[in-house]
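Work through the following exercises with the sequence and the structure side by side. Try each task before reading its solution.

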Amino acid sequence: KFACMFPETGPLRRELYHHHCQFFSDGKWAQYRAFIGGNGTGKTEGGGFELVCHLTGEYPDWWTGWRFNRPIQAWCAGDTTKTVRNIIQQKLLGSKDHRGSDNGTGIIPGAKLGKIAPSNQLAGLADSIQIKHKSGKWSSLELKSYEQGRDSFQGTEIDFIWLDEQCPTDIYEECLHRFRGKSVDGRLILTFTGLKGATDVALMFLPELADGITLEKMRALSRARVVCPMNDVPHLTADEIAQKLGNTTGAARETRRTGIPYTGSGRIYRVDESVFVVEPFMVPRYWSRVWAADFGFGSEENGAGTACVWGAWDRENDIVYIYAEYFQAEMPRAVHAAAIQGRGKWIPGVGDYAGKADDGKTTLQAYQALGLDITAADKSVMAGIDSVTERLSQGRLTAFATCQRGLGEYRLNQFARHG
């Protein structure tokens, strides 16, 4: 199974799992990572795959993430001993019973399995597993549960820790202190759907929902995250997603779809995406067009680049379709201007007029000098929010499903907690 995961070609080819690949890649620089995903998006499979790469030292050719150059000591943990046995162990070994004949059919290749020590906490649960490293030596994996409490996570140096589903804060913090000595460059990953809400640990990776935390600060503290909604993976069909979500109610519906723990009244837009997200189509030429830009220069990790969206207006039905988007960070104005003009020099735009360009002109004037047909945007915040919410809820403002960056921002936009 391990050798067949994330293949180069086919309907489940690697390029279609871009969130998973980004998650793996971020491990090169981020010591602490979170894969926040909707139900069934392959969070556990992704976590298990990376774990086995490190345990065996067998990294695929396409791997751009962190690599250990020696056998490692690793932990994996979940909510309860039962979920660890029935979910994590099942994925890794291929069996809920460590004594079963199915061992070796999971993510850990059978040829790599060594001694399996039984747990005294639950029948069939493994306590530890020896895995053959490519060096010929042995890596060790211990299986733990959060119900064992913080004390069971104390002690020795650990190279890699995988925490599946939302863990208590004290356990997360205890795990951070396992990276010392030869394990000082260890890695910790979390894979979860935020059904337990906006916990302290979840907020560490969702600065959009927290006070005093920014994407820049998160990166400076060696943290990274990806958010993977159900509709962003190829193995879940639209009908399957619709059926599952159609039988889920309330805030849990959106959390199960995106993985993001919603915080109730703090969310700016709460119209369900099923109301306004549509599949792309050829926009008629006679529809009016416009683009809107928010200009910036900072890095992509800090979310401070230049973003732009294009809209088309079906006047007859009074429906606006957001059909394209653009984002680039740390690029000069001329690059952004060329990209915007590339979608049609004749299309007018609106943009943020604050700030000074390096030649003393306002941002707006600087882009006008580069040939853009741009005017000042109406920055009335609450009036704008009310107008957008009304149009979204009435189906008069829609977005193409391909505009994933914009939809990601929609899911995370929150009012400041203190006004």
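**Exercise 1: Aromatic pairs**

Both Trp75 and Phe153 are buried, where buried means under 20% relative accessible area, exposed over 50% and partly exposed in between, with a 1.4 Å probe and protein chains only. The model is a predicted one, in which local features need pLDDT of at least 70 and side-chain atom pairs count only at pLDDT 80 or more, while totals for chains, interfaces and linings use all residues. Residues are numbered from 1 along each chain as its sequence is written, and side-chain values use heavy atoms, with hydrogens and water left out.

Task: Classify the ring pair of Trp75 and Phe153, and state which parts of the chain the pair ties together.

Solution. A pair of aromatic rings is described by the distance of the centres and the angle of the planes. Rings of Phe, Tyr and Trp (its six-membered ring) pair if their centres lie within 6.5 Å, and planes under 30 degrees apart count as stacked, over 60 as edge-to-face and the rest as tilted. Both Tyr32 and Phe179, which belong to another pair treated below, are buried as well. For Trp75 and Phe153 the centres are 5.7 Å apart and the planes stand at 85°, so the pair is edge-to-face. Next comes the position in the chain: Trp75 lies in strand β2 (residues 73-78) and Phe153 in the loop between β5 (138-145) and β6 (160-164), so the pair ties together parts that are 78 residues apart in sequence. The strands and helices named here are DSSP runs numbered from the N terminus (helices are H or I with at least four residues, strands E with at least two).

Task: How many aromatic pairs does a search of the whole structure find, and how are the rings of Tyr32 and Phe179 arranged?

Solution. The search of the whole structure gives 24 aromatic pairs. One of them is formed by Tyr32 and Phe179, and this pair is stacked, with 6.4 Å centre to centre and 25° between the planes. Tyr32 lies in strand β1 (residues 32-37) and Phe179 in the loop between α4 (169-176) and β7 (187-192), so this pair ties together parts that are 147 residues apart in sequence. Ring pairs also link residues into a cluster, which includes Phe2, Phe6, Phe23, Phe24, Phe49 and Trp62.

**Exercise 2: Helix crossings**

Task: Describe how helix α2 crosses helix α3, and name the residues of the contact.

Solution. Two packed helices are described by the angle between their axes and the distance between the axes. Axes are lines fitted to C-alpha atoms, for helices over the stretch in contact, and angles run from 0 to 180 degrees between N-to-C directions. The axes of α2 (residues 43-56) and α3 (residues 81-93) come within 10 Å and cross at roughly 50°. That makes α2 oblique to α3, given that angles under 35 degrees count as roughly parallel, over 145 as roughly antiparallel, 65 to 115 as roughly perpendicular and the rest as oblique. On the α2 side the contact (heavy atoms within 4.5 Å) is made by Thr44, Glu45, Gly48, Leu51 and Val52, and on the α3 side by Ile87, Lys91 and Leu92.

Task: Where is Thr44 found, and which residues does Thr44 touch beyond those up to four places away in sequence?

Solution. Thr44 is found in helix α2 and is buried, with a relative accessible area of 10%. Not counting residues up to four places away in sequence, Thr44 touches Ile87, Lys91, Trp162 and Asp164.

Task: State how close the axes of α1 and α2 come, and which residues meet.

Solution. The axes of helix α1 (residues 18-26) and α2 come within 11 Å and cross at roughly 35°. From α1, His20, Phe23 and Phe24 meet Lys43, Gly46, Phe49 and Glu50 in α2.

**Exercise 3: Single residues**

Task: Is Leu392 buried or exposed, and which residues are in contact with Leu392?

Solution. Leu392 has its place in helix α12 (residues 381-394) and is buried, with a relative accessible area of 4%. Leaving aside neighbours within four places in sequence, Leu392 is in contact with Tyr269, Val271, Val275, Phe276, Leu397 and Tyr410.

Task: What is the phi of Glu165, and where is Glu165 found?

Solution. Most residues other than glycine have a negative phi. Glu165, found in the loop between β6 and α4, has a positive phi near 65°, and Glu165 is partly exposed, with a relative accessible area of 22%. Glu330 has a positive phi of about 55° although it is not a glycine, and Glu330 lies in the loop between β12 and α10 (333-341).
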